[in-house]
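Please open the model in your viewer and keep a selection tool at hand. The tour starts from a single residue and widens step by step to the whole chain.

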Amino acid sequence: MIQTLNFLSHIFHTSDRCFYHIKTLSNDLALTIAIVLGLLGSKFLAAMVAKVLYRYSWHETLVMWSLSIPQVAATLAAALVGLQVGLINELVLLNNID
């Protein structure tokens with residue numbers, strides 16, 4: 001994993017500071033799990049609010065929630081790539097994850 005991150009840092013010409021944060025995120029399993037669970041939980045909460053407001057069935061609610069899951073992955077991937085290539089800074093990344 002470290003070799004892959006090192007290779008990516010050379011491709012995207014990232015700074016050592018940026019590379020350190022990426023390496024820390026990949027090594028801290030608890031933080032990674034908390035971020036992913038928080039994102040999935042917030043999507044589920046939004047689906048539950050829609051269920052109550054629009055009186056959807058459980059099947060409709062679960063379909064709505066499951067269709068929003070790829071958006072979680074896309075948001076995290078886009079934010080990480082943006083940080084690596086220097087389009088966004090750490091503050092924007094942290095606001096994007098929240």
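Begin by selecting Gln71, which is partly exposed because its relative accessible area of 46% falls between the 20% limit for buried and the 50% limit for exposed residues. Bear in mind throughout that the model is predicted. If you then extend the selection along the backbone, you will find that Gln71 belongs to helix H4, which covers residues 58–85.

Next, add Lys43 to the selection and draw a distance between the two C-alpha atoms: Gln71 and Lys43 stand 9.6 Å apart in space, with their positions 28 residues apart in the sequence.

Now show helix H3, residues 29–54, together with H4, and look at how the two pack. At what angle do H3 and H4 pack? The angle is about 145°, and the axes lie 9 Å apart; the crossing of H3 and H4 is right-handed. To see what makes the contact, select on the H3 side Ile35, Leu39, Leu40, Lys43, Phe44, Ala47, Met48, Ala50 and Lys51, and on the H4 side Trp58, Thr61, Leu62, Met64, Trp65, Ser68, Ile69, Gln71, Val72 and Leu76. Both residues of the earlier distance, Lys43 and Gln71, are therefore among those that form this contact, given that contact means heavy atoms within 4.5 Å. Coloured by class, the contact of H3 with H4 shows 14 nonpolar, 3 polar and 2 charged residues.

Then switch the colouring of the chain to pLDDT, where the average is 75 and 67% of the residues score at least 70. Confidence is highest in H3, at a mean of 89, and lowest in helix H1, residues 2–12, at 48. Select residues 1–8, where the pLDDT is below 50 and where the model has 9 contacts beyond near neighbours in sequence; then select residues 10–14, which are also below 50 and have 5 such contacts. Where pLDDT is low, the predicted coordinates should not be read in detail.

Finally, release the selections and view the chain as a whole, in which the secondary structure amounts to 5 helices and 0 strands, with the elements running α-α-α-α-α from the N terminus on. Of the 98 residues in the chain, 20% are buried. Among contacts with a separation of 6 or more, 40% join residues 24 or more positions apart. With a surface display turned on, the accessible surface of the chain comes to about 7,100 Å², and carbon and sulfur atoms contribute 69% of that area.

Methods. Residues numbered from 1 in each chain as written. Predicted model: local features only at pLDDT ≥ 70, side-chain atom pairs only at ≥ 80, totals over all residues. Heavy atoms only, no water. Helix = DSSP H or I, 4+ residues; strand = E, 2+ residues; numbered from the N terminus. Buried < 20%, exposed > 50% of the residue type's maximum accessible area, 1.4 Å probe, protein only. Axes fitted to C-alpha atoms, helices over the stretch in contact; angles between N-to-C directions. Left-handed = near helix turned anticlockwise from the far one by under 90°. Nonpolar A, V, L, I, M, F, W, Y, C, P; charged D, E, K, R; others polar. pLDDT = per-residue confidence, 0-100. Areas by Shrake-Rupley, 256 points an atom, 1.4 Å probe, with all protein chains shown as cover.
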